[in-house]
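Q: Please take a close look at the nonpolar interior of this protein, and set it against the chain as a whole before going into its residues.

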Amino acid sequence: MRPKIALTSSYIEEKAVLNEGYYLAVEKAGGIPFITPPLEEVTLQEILEFVDGVLITGGPDVDPLLFGEDPVKELGEVSPARDKAEIFLVKEAFNRGLPVMGICRGIQVINVALGGSLYQDLPSQLKGSIKHSQSEPRWYATHTVKVQKGTILFEIFNSEEVKVNSFHHQAIKNISPHLKAVAYAPDGVVEAVEAVSQDKFILGLQWHPEGMWQKDPVQLKPFERFIDEIKRRKGR
């Protein structure tokens with residue numbers, strides 16, 4: 001049986017919404033995707049008993065009240081139901097030792113759930129920041145990231161530099177004590193994180209590989225490593 005992955009979804013106008021790139025990437029990488037909307041915690045607990053890993057997907061801004069800040073005027077739309085569900089999923093998966101992957105909003109949720117904080121708006125809060133919200137097609141890479149040697153991410157790409165797309169204005173500010181930064185944008189913005197403990201598998205990416213892999217197959221590799229890690233841990 002292929003690994004079963006819970007993929008969180010957005011909640012828009014009473015609809016659970018998820019771009020196809022996420023679930024197609026999980027399937028292509030060898031997993032079985034299960035779309036998971038914001039649900040009650042008791043239901044999410046049962047889902048975690050069923051799945052082998054969790055993927056926190058992209059979406060709206062994270063509520064700054066969750067990391068002890070009042071909102072700046074540049075803050076975008078937030079989703080309280082989604083914040084609550086995803087933070088619960090990350091904490092529970094972390095405690096259970098389930099592998100977790102996060103993309104864009106997902107890396108931010110992971111960081112907040114584990115005790116970190118965010119820039120609410122890079123253009124107004126980080127002097128000298130580059131453009132992180134592109135107008136080019138989703139598959140097109142618009143800036144580079146520098147990858148730290150000796151990391152899982154370096155093993156995945158076998159390169160110190162990766163070209164990525166970019167669709168965000170929030171980003172990690174103070175990193176969780178349970179995470180380490182493993183890639184940076186040219187302006188110093190954290191672009192990827194991994195777990196500090198080798199007993200945990202966490203891979204958070206600030207860019208959107210699910211929007212790139214069909215034109216740039218190298219961007220499927222993070223999903224493949226996520227699935228392979230689950231298989232390894234389960235002895236498959």
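**The nonpolar interior in its setting**

A: In this predicted model, the secondary structure of the protein chain amounts to 7 helices and 13 strands. The chain is as compact as a globular protein of its length, because its radius of gyration of 16 Å is close to the 18 Å that the globule rule gives for 236 residues. Along the principal axes, the C-alpha trace spans about 50 × 40 × 35 Å. Of the contacts between residues at least 6 apart in sequence, 69% join residues at least 24 apart.

Turning to the interior, 52% of the 236 residues count as buried. In soluble globular proteins, nonpolar side chains tend to be buried together. Here the largest nonpolar core has 33 residues, and the members that touch the most others are Ile5, Leu55, Leu153, Trp207, Phe223 and Phe226. Ile5 can be followed in detail: with its neighbours within four places in sequence left aside, this isoleucine is in contact with Val26, Ile32, Pro33 and Phe34, with Val51, Gly53, Val54 and Leu55, and also with Phe226, Ile227 and Ile230. A second core, separate from the largest one, holds 31 residues, among them Val51, Phe88, Val90 and Ala195.

As for the outside, the accessible surface of the chain comes to about 10,800 Å², and carbon and sulfur atoms account for 49% of that area. The chain carries 27 positive and 32 negative charges, whose mean positions lie 6 Å apart.

Terms used
Residues numbered from 1 in each chain as written. Predicted model: local features only at pLDDT ≥ 70, side-chain atom pairs only at ≥ 80, totals over all residues. Heavy atoms only, no water. Helix = DSSP H or I, 4+ residues; strand = E, 2+ residues; numbered from the N terminus. Rg over C-alpha atoms; globule rule 2.2 N^0.38 Å. Buried < 20%, exposed > 50% of the residue type's maximum accessible area, 1.4 Å probe, protein only. Contact = heavy atoms within 4.5 Å. Areas by Shrake-Rupley, 256 points an atom, 1.4 Å probe, with all protein chains shown as cover. Lys, Arg positive; Asp, Glu negative; His and termini not counted. Charge placed at Lys NZ, Arg CZ, Asp CG, Glu CD. Core = buried A, V, L, I, M, F, W, Y, C linked by side-chain atoms within 4.5 Å.
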